[in-house]
Amino acid sequence: MAKARLVGIGMDYSATSKSALNWAINNLIDEGDQIIIIHVVSPKADPTNKQLFEDTGSPLIPLEEFREINVSKHYGLNPDPEVLDMLDTVSKTRRVVAKVYWGDAREKLCDAAEQLKLDSLVVGSRGLGTIKRVLLGSVSNYVVQNATCPVTVVKGAAPPRPK
């Protein structure tokens, strides 16, 4: 039997991060693997627990606790029911936890890969055009270049073509 892996999934509740979660569940994660849902909250947010964990990120939060609205609010999050349903289903055969960081998503996802010793990291891509990617910076591109583990980028749906 293969060694259980730690698989991180970047989550901001956008359509592309939901696609990344769905892709990871259906194509990457095996029975026995542990899933760590990684949230990066804006540094401008001021939830209750930010001061305690701003530098290191929150402790690992079991899915059962994370589902509780009071716990999520302490970390400045508002979990999406669709994501929670996907995680509930997969948690029957795999351990699911969440971790919250505050700051720049690019840097914090790379920090998570290193600190948590992830075997793999899955992130969504907004599909920015070349100019927007240069001006705004691409989180997924930065993470691919700088993370300490393999990174899978799941593209979002293509925008509809004008008629």
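Contact here means heavy atoms within 4.5 Å. In this predicted model, V122 is a convenient place to apply that criterion. Leaving aside its neighbours within four places in sequence, V122 is in contact with V7, G8, I9, G10, A20, W23, A24, L28, T152 and V154.

The sheet gives a frame for these contacts. Its 6 strands form an open sheet with mixed pairing, in the order 3-4-2-1-5-6. Strand 3 (61-62) and strand 6 (151-155) each have a single partner strand and stand at the edges, so one side of each is left without a neighbour in the sheet.

Strand 1 sits between strand 2 and strand 5 in that order. Strand 1 and strand 2 run parallel and are joined by 5 bridges, with V7 opposite I35 in strand 2. Between these two strands the chain passes through helix 1, and the resulting β-α-β crossover is right-handed. Toward strand 5 (residues 120-125), strand 1 makes 3 bridges, again in a parallel arrangement. Here I9 stands opposite V122, and I9 is also among the contacts of V122 listed above. Strand 1 is mostly covered, as 4 of its 5 residues are buried.

On the other side of strand 2 in the sheet order comes strand 4. Strand 2 and strand 4 pair in the parallel sense over 8 bridges, and V41 stands opposite W102 in strand 4.

Next, the packing. In soluble globular proteins, nonpolar side chains tend to be buried together. The largest nonpolar core of this model has 30 residues, of which I9, L21, I37, L87 and V122 touch the most other members. At least two residues of this core come from each of strand 1 (6-10), helix 1 (15-27), strand 2 (34-41), helix 3 (63-66), helix 5 (81-90) and strand 4 (95-102). Helix 5 supplies the largest share, 5 residues. Apart from this core lies another, of 15 residues, which includes Y101, C110, A112 and L118.

Helix 5 can be read by its two sides. V83, L84, M86, L87 and V90 are buried. These residues cover an arc of only 160° around the axis, and therefore lie on the same side of helix 5. An α-helix has 3.6 residues a turn, so residues three or four places apart point the same way. The buried residues of helix 5 pack against helix 1, strand 2, helix 3 and strand 4. On the other side of the helix, P81 and T89 are exposed. The N-terminal end of helix 5 is capped by D80, with a side-chain oxygen 2.8 Å from the backbone nitrogen of E82.

Helix 6 (residues 105-115) also has a set of buried residues, namely K108, L109, C110, A112 and A113. Of these, C110 and A112 are among the members of the 15-residue core. The cover over the buried residues of helix 6 includes strand 1, strand 2, strand 4, strand 5 and helix 8 (139-146). At the start of helix 6, a side-chain oxygen of D104 comes to within 3.0 Å of the backbone nitrogen of R106. After helix 6 comes K117, which has a positive phi, near 55°.

Key
Residues numbered from 1 in each chain as written. Predicted model: local features only at pLDDT ≥ 70, side-chain atom pairs only at ≥ 80, totals over all residues. Heavy atoms only, no water. Core = buried A, V, L, I, M, F, W, Y, C linked by side-chain atoms within 4.5 Å. Buried < 20%, exposed > 50% of the residue type's maximum accessible area, 1.4 Å probe, protein only. Arc of directions from axis to C-beta. Polar contact = N/O pair within 3.5 Å; in protein donor to acceptor, adjacent residues only side chain to side chain. Pairing = 2+ DSSP bridges. Right-handed = clockwise from strand over helix to strand, strands pointing away.
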